[in-house]
Amino acid sequence: MGSPEFDDLQGIERMVSATPPAQYVVKIQSYSSLSKNSVGKYESGVFQAGGYKWKLVLYPNGNKSKNVKDHVSLYLSMVETSSLPSGWEVHALVRFFLRDQDKDNYLIIQDAMREEWHFHGMKLECGFDQFIPLKTLNDAQNGYLMDDTCVFGAEVSVTKEKSTGQGENLLMIKGAISQKHVWKVDNFWKLDKEFYDSKVFMAGNYKWKIRLYPNGKGSGLEGFVSLYLVSADTDTLPPGTKVFAGFSLRVMDQLQGNNVTGNANHWFSASDQQQGWGKFISHISLRHLYGYLTNDACLVEAEVTVLGVLNAL
């Protein structure tokens with residue numbers, strides 16, 4: 001078995017270690033589904049190192065804003081910096097890790113001169129545009145991507161203090177199946193509450209409901225119906241869990257089938273429970289276009305596909 005192929009890039013040093021990253025790991029299952037579901041950029045959860053907070057930023061097919069091709073791009077980003085004093089600057093020694101699952105060791109990629117990276121208000125992110133060639137990552141003989149699963153990691157040394165035991169697992173779901181739910185809303189013009197919820201329905205083993213604001217919400221206030229998909233069980237999800245769902249919401253044309261439809265992808269979590277549209281359909285359309293209201297009743301449909309789940313390790 002030959003050695004993995006890498007570009008001979010100046011400024012990058014590679015070595016192999018049996019020791020896993022001390023601070024943060026990201027295990028991604030069904031890695032290929034990131035690209036298939038148009039997840040061009042993935043941001044990890046927040047972890048602490050040296051008294052500061054960080055996250056990993058991964059571009060599975062390269063950072064297109066920097067015209068990167070045929071490579072994975074990986075960066076370290078400093079977060080939650082608003083409380084830092086004016087003119088702050090942090091110097092950190094950073095090492096990225098990629099696990100060889102066949103040999104049970106780690107490829108370490110770092111600055112060739114082992115120089116500190118400088119983070120400040122105008123530069124919150126540092127890393128490698130060409131972290132690893134896609135050809136090298138995808139070659140099963142190298143052990144980096146096995147059973148469509150890979151493991152990335154990072155070590156950040158700002159001071160001698162380190163925090164351990166943090167991490168996350170991202171599972172992208174292959175062959176995800178969509179589920180539909182139809183909600184009949186009666187006596188539409190008599191609805192007088194701020195919003196109404198459908199019955200809870202299941203999709204991808206998670207609970208959902210449709211939320212309708214008959215007189216609008218936010219940008220749609222007065223003159224529009226606002227429509228949202230709501231995660232109905234985010235309050236009971238473990239801390240750090242996020243659910244990535246693709247969904248469609250429709251107000252059905254009950255006569256001609258000219259439905260009004262909105263499509264979106266969204267990460268649902270305890271702090272971000274709903275996503276939708278403030279101006280989904282106007283009151284004028286409901287009043288004057290036949291089919292959306294029949295006997296003062298409208299039909300609202302949700303179609304939900306759970307594409308991925310993020311859990312803390």
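Colleague: What makes you say that Arg 287 lies over the face of Trp 189?

Modeller: In this predicted model, Arg 287 is 4.0 Å from the ring centre of Trp 189. The distance cut-off for a charge over a ring is 6 Å, so that value fits.

Colleague: And why is Trp 189 called partly exposed?

Modeller: Its relative accessible area is 33%. Buried means under 20% and exposed means over 50%, so a value in between is called partly exposed.

Colleague: Why is the pair of Phe 188 and Trp 189 called edge-to-face?

Modeller: Happy to go through it! The ring centres of Phe 188 and Trp 189 are 5.1 Å apart, with the planes at 85 degrees. Pairing needs centres within 6.5 Å, and planes over 60 degrees apart count as edge-to-face, so both conditions are met. Phe 188 itself is buried, because its relative accessible area of 3% is under 20%.

Colleague: How do you know that Tyr 213 and Tyr 228 are an edge-to-face pair too?

Modeller: The same reasoning works: their centres lie 5.7 Å apart and their planes are at 75 degrees, so this pair is edge-to-face. It links distant parts of the chain, with Tyr 213 in strand β16 and Tyr 228 in strand β17. Both tyrosines are buried.

Colleague: How many aromatic pairs does the structure hold?

Modeller: There are 19. Elsewhere, Tyr 31, Phe 96, Trp 117, Phe 128, Phe 131 and Phe 152 form one aromatic cluster.

Colleague: One on cysteines: why is Cys 298 called buried?

Modeller: Its relative accessible area is 2%, under the 20% limit, so Cys 298 counts as buried. Cys 126, at 7%, is buried as well. A search of the whole structure finds zero disulfides.

Definitions and conventions:
Residues numbered from 1 in each chain as written. Predicted model: local features only at pLDDT ≥ 70, side-chain atom pairs only at ≥ 80, totals over all residues. Heavy atoms only, no water. Disulfide = S-S within 2.5 Å. Buried < 20%, exposed > 50% of the residue type's maximum accessible area, 1.4 Å probe, protein only. Phe/Tyr/Trp six-rings, centres within 6.5 Å; stacked < 30°, edge-to-face > 60°. Helix = DSSP H or I, 4+ residues; strand = E, 2+ residues; numbered from the N terminus. Lys NZ or Arg CZ within 6 Å of the ring centre and 35° of its normal.
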